[in-house]
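I set out to go through this structure one topic at a time and to write down what I looked up. The entries below follow the order in which I worked.

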Amino acid sequence: MAERRIAMWSGPRNLSTAMMRSFAARGDCACVDEPFYAHYLLQTGLPHPMRDAVIASQPARWQDVLAALTVAPLDHSVQYQKHMVQHMLPGMDLGWTAGLTNVFLIRDPDRVVASFSAKRGLPDPAELGFARQWQMWQDMAARGPAPVVIDSADIRRDPARALQALCAAIDLPWTPAMLAWPAGAQPCDGVWGAVWYDAVNRSTGFGGPEGPPPRLEPALAALAARLRPSYEAIASHRLRIA
């Protein structure tokens with residue numbers, strides 16, 4: 001199979017690390033974890049956990065990351081790039097994404113807000129990436145084939161069926177190996193995994209279907225309502241899992 005570079009675009013708390021585990025388990029795939037995180041922290045000044053360690057672990061300029069994502073030789077036939085849409089700040093040229101297979105991973109804002117706030121308190125809406133995700137999807141769709149969209153709830157509901165549909169949509173061979181992975185931290189994880197990846201490090205596969213929607217306090221509920229139009233706009237393009 002010819003080399004493939006798959007860019008998965010999501011916001012935080014969107015099942016993104018579990019999806020990285022899933023692709024790594026294929027055996028033909030090398031993973032790259034949030035390669036623009038250091039640049040994002042330097043430019044925004046946000047006081048994220050392990051800020052100094054994250055900045056020390058990666059190139060500080062976004063332009064210095066691109067070769068590894070676009071032209072550097074691969075030691076596997078597939079490269080899976082885990083990206084956070086909020087890391088793509090204004091002024092960053094996204095033309096380099098045209099040569100990738102772009103996929104957007106989405107999640108209901110009530111669940112994202114509940115999960116993120118448990119770690120970081122009440123966030124700025126920009127940190128959750130909903131508006132940026134919808135904007136990026138529209139920009140990519142205007143330049144070429146519309147990127148595939150998949151909802152994390154569909155993956156949790158039936159991982160095998162959802163991942164088969166995703167692989168078919170991006171013309172990648174499906175393998176049941178994507179349904180399980182070893183517990184613990186993995187070599188591709190960013191240093192921030194010590195703070196953010198505790199749940200996925202305890203897992204060996206996708207969790208079951210999500211339960212009832214979380215009950216949010218008023219400030220968080222208002223934030224989720226503000227984010228919902230962007231979510232519903234991109235969700236209208238999601239894969240319909242049979």
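Entry 1, helix α1. I began with α1 in this predicted model, and I found that 8 of its 9 residues are buried, so the helix is largely enclosed by the rest of the structure. The buried residues of α1 are Ser 16, Thr 17, Ala 18, Met 19, Met 20, Arg 21, Ser 22 and Phe 23. I noted for the next entries that α1, residues 16-24, is also among the elements that give two or more residues to the lining of the largest pocket.

Entry 2, the largest pocket. I looked up its volume and found about 720 Å³ of space. Its lining comprises 36 residues, and those nearest the centre are Arg 13, Asn 14, Leu 15, Thr 17 and Trp 196. Besides α1, the elements that give two or more residues to this lining are α2 (37-44), β3 (78-84), α5 (109-120), α8 (152-157) and α11 (198-202). Which element gives the most to the lining of the largest pocket? I found that α5 does, with 5 residues. Sorted by class, the lining of this pocket holds 15 nonpolar, 11 polar and 10 charged residues.

Entry 3, the second largest pocket. Here I found about 320 Å³ of space, lined by 20 residues, with Gln 86, Pro 125, Ala 126, Glu 127 and Arg 132 lying nearest the centre. At least two lining residues come from each of α2, α6 (125-128), α7 (130-143) and α12 (218-235), and α7 gives the most, with 4 residues. The classes in this lining are 11 nonpolar, 5 polar and 4 charged.

Entry 4, the enclosed space. I then asked how many cavities of 30 Å³ or more there are, and the count came to 1. I recorded about 40 Å³ of space for this largest cavity, and its lining consists of Ser 10, Gly 11, Asn 14, Val 85, Arg 107, Leu 128, Gly 129, Phe 130 and Gln 133. By class, that lining has 3 nonpolar, 5 polar and 1 charged residues. I noticed that Asn 14 appears here in the cavity lining and also in the list of residues nearest the centre of the largest pocket.

Entry 5, strand β3. I returned to β3 as one of the elements lining the largest pocket, and I asked how many of its residues are buried. The result was 7 of 7. In a regular strand the side chains alternate between the two faces of the sheet. I therefore checked each side of β3, and both faces are covered: Val 78, Tyr 80, Lys 82 and Met 84 are buried on one side, and Gln 79, Gln 81 and His 83 are buried on the other. For its neighbours, I found that β3 pairs with β1 in the parallel sense over 7 bridges, where Arg 4 stands opposite Val 78. β3 also pairs with β2 in the parallel sense, over 5 bridges, and the bridge partner of Asp 33 is Lys 82 in β3.

Entry 6, aromatic pairs. A search of the whole structure gave me 7 aromatic pairs. In one of these, the rings of Trp 9 and Trp 96 have centres 6.1 Å apart and planes at 55 degrees, so I entered the pair as tilted. The two residues are 87 residues apart, with Trp 9 in strand β1 (residues 4-10) and Trp 96 in the loop between β3 and β4 (101-106). Are these residues buried or exposed? Trp 9 counts as buried at 0% relative accessibility, and Trp 96 counts as buried at 11%. Phe 36 and Trp 96 form a further tilted pair, at 5.7 Å centre to centre and 50 degrees between the planes. Phe 36 lies in the loop between β2 (29-33) and α2, so its pair with Trp 96 ties together parts that are 60 residues apart in sequence. Phe 36 and Trp 96 are both buried, and Trp 9, Phe 36 and Trp 96 form one aromatic cluster.

Entry 7, the whole chain. I closed with the overall figures: the protein chain has 12 helices and 5 strands, and 50% of its 242 residues count as buried. The radius of gyration is 17 Å, which agrees with the value near 18 Å that a compact globule of 242 residues would have.

How values were computed. Residues are numbered from 1 along each chain as its sequence is written. This is a predicted model: local features need pLDDT of at least 70, side-chain atom pairs count only at pLDDT 80 or more; totals for chains, interfaces and linings use all residues. Side-chain values use heavy atoms; hydrogens and water are left out. On a 1 Å grid over the protein atoms alone, a cavity is a set of points where a 1.4 Å probe fits but cannot get out, and a pocket is an open set with protein on both sides within 12 Å along at least five of seven lines; lining residues have an atom within 4 Å of a point. Grid points are joined across faces, edges and corners, and a volume is the space filled by probe spheres set on the points. Ala, Val, Leu, Ile, Met, Phe, Trp, Tyr, Cys and Pro count as nonpolar, Asp, Glu, Lys and Arg as charged, and the others, Gly among them, as polar. Rings of Phe, Tyr and Trp (its six-membered ring) pair if their centres lie within 6.5 Å; planes under 30 degrees apart count as stacked, over 60 as edge-to-face and the rest as tilted. Buried means under 20% relative accessible area, exposed over 50%, partly exposed in between (1.4 Å probe, protein chains only). Two strands pair if DSSP finds at least two bridges between them. The radius of gyration is taken over C-alpha atoms; the globule rule is 2.2 Å times the number of residues to the power 0.38.
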